[in-house]
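Student: I'm new to this one. Could you take me through a single part of it slowly?

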Amino acid sequence: MKSADADPNLIVYFGGKYVPISEAKVGILTHALHYGTGVFEGIRAHWDEPAQELFVLRPMEHYQRWKRNCGILRIDVPLAPQDLCDITLELMRRNALRTNVYVRPLAYKCAERVGVAPDDQDAFAIIALPFGDYLHAENGLHAGVSSWRRVEDNAIPARAKICGAYVNSALASDDARRNGFDEAIFLNEDGHVAEGAACNIFMARNGTLITPPVTDNVLEGITRDAVMTLARHELGLEVIERSIDHSELYICDELFLSGTAVGLAPVVRVDHHAVRDAAIGPITRRLQQLYFDATRGHLPAYRHWLLPVYGSNSKTQGSKLEELAELATTSVA
Ligand SMILES: Cc1ncc(COP(=O)(O)O)c(C=O)c1O
């Protein structure tokens with residue numbers, strides 16, 4: 001998928017201020033640019049036409065995960081998750097976004113000097129972009145098992161969205177697309193299935209939903225958690241976290257990918273094997289519908305996952321934001 005370049009007038013949060021994206025620049029010697037020393041997030045907001053509302057999906061969990069994972073690289077994001085949610089809402093309002101949106105928080109080592117050992121100069125930015133489908137999965141995807149193996153936790157932890165680790169994903173995605181596949185599936189060094197290049201993976205066998213455990217070099221996905229919750233509570237399915245063998249990809253009943261960008265994307269072929277009859281399976285379809293309804297505010301039981309941008313119960317105040325902006329400016333090198 002290639003998305004269009006961002007509108008140069010898009011307002012982003014950078015250096016503690018709201019500025020047009022055309023002014024949000026980093027220097028050529030920035031540490032993260034050379035050494036991959038950044039941690040990012042991906043958050044979705046979905047536009048619901050009937051409610052005329054934009055719903056941000058589980059932003060608190062995303063910002064909590066971001067701050068926790070920044071800790072692995074000892075990057076400090078000096079604001080609380082609630083304050084980061086406020087900035088996110090403000091960005092959407094300033095840009096008058098009334099469509100599906102992807103939010104990209106990025107924290108990074110910002111010192112401008114040569115030398116791999118990081119110091120304590122950290123910066124962060126948040127960008128909210130109009131964003132449609134990441135993968136076109138209406139008829140199911142054709143995935144290829146990559147010859148690139150997933151990064152191991154003792155090399156670069158896959159559980160955090162560490163910028164440098166995405167070289168691993170970029171190599172596998174590029175290879176998959178050049179070989180005619182829609183998406184790559186990674187194996188671990190021990191040969192078990194890990195995840196997609198930017199998504200987790202689920203398989204259904206005999207009515208049970210199975211996904212690799214978080215100790216198998218996967219991102220601890222928030223969509224993964226949502227899928228497990230919906231499967232257990234709405235469909236009454238047994239959900240198991242266990243390692244998946246390579247060959248199970250060829251004999252399972254259903255297979256799908258999950259992630260903030262991809263949502264729930266069915267896989268109907270892996271390498272040169274059809275998943276069952278190469279049609280989207282019933283469990284996948286029901287979970288896709290449940291996920292769609294939950295993320296658009298149609299299921300009251302999951303309204304607590306959503307933060308409305310334009311609704312009256314969202315809490316941003318202008319003065320609070322100016323305070324936050326000042327705090328962020330002083331902490332950015
Ligand atoms: C490597 C990888 N795995 C899984 C996911 C899915 O995680 P989440 O559902 O939290 O977006 C992502 C998301 O970007 C990812 O990059």
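Student: Let's look closely at the loop with Ala278 in it: is Ala278 buried, partly exposed or exposed?

Tutor: Ala278 is partly exposed, with a relative accessible area of 28%. Here buried means under 20% relative accessible area, exposed means over 50%, and partly exposed is in between, using a 1.4 Å probe and protein chains only. Before we go on, a word about the model: it's predicted, so local features need pLDDT of at least 70 and side-chain atom pairs count only at pLDDT 80 or more, while totals for chains, interfaces and linings use all residues. Residues are numbered from 1 along each chain as its sequence is written, and side-chain values use heavy atoms, with hydrogens and water left out.

Now, the loop. Ala278 is found between β16 and α7. Those names come from DSSP runs, numbered from the N terminus: helices are H or I with at least four residues, strands are E with at least two. Ala278 isn't a glycine, yet its phi is positive, about 60 degrees. That's worth a pause, because most residues other than glycine have a negative phi. Arg276 sits in the loop between β16 (273-274) and α7 too, and this non-glycine residue also has a positive phi, near 50 degrees. At 53% relative accessibility, Arg276 counts as exposed.

Follow the chain out of the loop and you get to helix α7, residues 282-295. How far should its 14 residues reach? The expected span is 1.5 Å times one less than the number of residues. For α7 that gives 20 Å, and the end C-alpha atoms are 20 Å apart, so the two agree. Several α7 residues are buried, among them Ile283, Leu287, Leu290 and Tyr291. Asp293 and Thr295 are on the buried list as well. After the helix comes Gly297, and its phi is positive, near 80 degrees.

For a bit of context elsewhere in the chain, look at strand β8, residues 141-149. Two strands pair if DSSP finds at least two bridges between them. Strand β8 pairs with β15 (residues 263-270) in the parallel sense, over three bridges, and His142 stands opposite Arg269 in β15. Strand β9 (residues 183-187) runs parallel to β8 too, joined by four bridges, with Gly144 opposite Ala184 in β9.
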